[in-house]
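Work through the exercises below with the model open in your viewer. Try each task before reading its solution.

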Amino acid sequence: VDRELNVVPELADNFRVSGDGLTYLFRLREGLRWSDGEPLTAEDFAFAWRQIREEKARTAFLMEEIASAEALDDRTLEVRLHEPRNYFPYLLASGWAFPWPRHKCKELGSDWRKPEHLVSNGPFRLAEFDHDHALLVANEHWLGARGNVREIRIALMENMDEALEDWAAGRYDVLQTWTAPDGDVADTIAETVPDLGLQYIGFRADRPPFSNELVRKAFSHAVDRETLADALSTLARAATLGGAIPPAMPGHSHRVAPEYDVELARRLLAEAGYPEGRGLPEIVIAAPPWLEPPDPLIEQWQALGARVRPLASPAPLNPGDLAEVHCCFSGWTADYPDPDGFFRGLFEVAWPFYRDEGIDEMLSRARSVTDQSERMRLYHEVDRIWVAERAAILPVLYPRRMLLRRPSVHGLWANPLKPAQLEQVVVDGEQRR
């Protein structure tokens, strides 16, 4: 996927799609090899996809589109779909669709996944890996375009403040951050990149009080997203009126979410039978450890008369954690830059979002329609019904990140799908010194 989110061939030198949109035929480039020198063939792709299904991997649901994948010869791969899918090329450009080294799988079994056994077919290969770092070195068998980078040492860190301090001290050439550096930092070129993600409040619709649509709407109208964005101190944009589909993705709706209106929230809550919050159970809100519910959110709901308790949980969306939880403050990132890549993965999680036959039917139609404008119209309608009419979810923030580089690093880019493209980077040694 290139900088403008277009799908372009990389290991293939050409491909074609049948007129009915059901058959894709790919011709691999001549001379492709794994990083250990073994030939890479079309069967490595077909083998990988069979294994994903057989092992019931977490990404196996993405294979549902494929009726068959067959290597016609070492360089020709034929893929047949059950139904036309406009977004299918994006699936093929996702990590789950990458080939597996069949020769290593047969030699080592499941141990082929261990860092010391990994072979790869991209511009770099893994040379070292531990808790603190990974070292990538240029893959001598890579046939694609490349810059002059020989090694990439990646520091694995959990503390972004510490990483920014190290950046200011000159330790890194490139840094991805979700928090902007304080003030102007010397020798720094920054680019802000939107994510294909959403931070949201999800109401569980299978039990009171949020099984009541009026209660979901009341709690949604009571949230001031601008205040939450300020409290979280990230680069994220407040989803003031936008829908669930992020702005970086086709199908985004600009005026869908409930407006911040406390008086309306109180009226809706009274209409639902909970005047000034009387009769509400204690509202338990769960969140992953990396996204604690901000204090202003708790305070805004308390202003309705609700009692609110945050729940610390390492995996709040697991079914076993749902017994006492009424809602969640969580995040989601699309698997690929199409509304299907947002909704399908999100609905695979265990959280009991509100859904009905009408929403499911529209999503099913949008997946198979070949006319792109009609697809987008259907997704706009799903977003409007799900967020505005049914208040199943409240969009809170649209995440963004910042890519920092030194002036000596040229050719580096990122897009909403890819954090940092490094294979064509050229480092100016004289400038760096």
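**Exercise 1: a histidine and its partners**

A polar contact of 2.8 Å links the side chains of His133 and Glu128. (A polar contact is a pair of N or O atoms within 3.5 Å; within protein, one must be able to donate a hydrogen and the other to accept it, and residues adjacent in sequence count only if both atoms are side-chain atoms.) This is a predicted model: local features need pLDDT of at least 70, side-chain atom pairs count only at pLDDT 80 or more, and totals for chains, interfaces and linings use all residues. Residues are numbered from 1 along each chain as its sequence is written, and side-chain values use heavy atoms, with hydrogens and water left out.

Task: place His133 in its element and list its contacts.

Solution.
1. Find the element. His133 is in strand β6 (residues 133–138). Helices (H or I, at least four residues) and strands (E, at least two) are DSSP runs, numbered from the N terminus.
2. Look for a further polar contact. The side chains of His133 and Arg153 are joined at 3.3 Å.
3. List the contacts (heavy atoms within 4.5 Å). Leaving aside neighbours within four places in sequence, His133 touches Glu128, Arg153, Ile154 and Leu156.
4. Check burial. His133 has a relative accessible area of 13%, so it is buried. The classes are buried under 20%, exposed over 50% and partly exposed in between, with a 1.4 Å probe and protein chains only.

**Exercise 2: the two sides of a helix**

Task: which residues of α4 (residues 160–168) are buried?

Solution.
1. Pick out the buried set: Ala163, Leu164, Asp166 and Trp167.
2. Ask why they share a side. They cover an arc of only 160° around the axis, which puts them on the same side of α4. The arc is that of the directions from the helix axis to the C-beta atoms.
3. Recall the geometry. An α-helix has 3.6 residues a turn, so residues three or four places apart point the same way.
4. Turn to the other side. Asp161, Glu165 and Ala168 are exposed there.
5. Find the packing partners. The buried residues of α4 pack against β8 (174–177) and β16 (400–405).
6. Inspect the ends. Asn159 caps the N-terminal end, with a side-chain oxygen 2.9 Å from the backbone nitrogen of Asp161. After α4 comes Gly170, whose phi is positive, near 90°.

**Exercise 3: a buried proline**

Task: where is Pro246, and what does it contact?

Solution.
1. Locate Pro246. The loop between β11 (237–238) and α7 (262–271) holds it.
2. Read its accessibility. Pro246 counts as buried, at 0%.
3. List its contacts. Beyond neighbours within four places in sequence, Pro246 meets Asp195, Leu196, Gly197, His252, Phe342 and Tyr398.
4. Compare positions. Pro246 and Pro399 are 153 residues apart along the chain, yet their C-alpha atoms are separated by 8.8 Å.

**Exercise 4: backbone outliers**

Task: contrast Glu276 and Ala391: which is buried and which is exposed?

Solution.
1. Take Glu276. Its phi is positive, about 55°, although Glu276 is not a glycine. Glu276 sits in the loop between α7 and β12 (283–287). At 63% relative accessibility, Glu276 is exposed.
2. Take Ala391. Its phi is also positive, about 50°, although Ala391 is not a glycine. The loop between α11 (372–389) and β15 (393–398) contains Ala391. With a relative accessible area of 0%, Ala391 is buried.
3. Add a peptide bond. From Pro208 to Pro209 it is cis, with omega near 0°. Pro209 lies in the loop between β10 and α5 (213–221).
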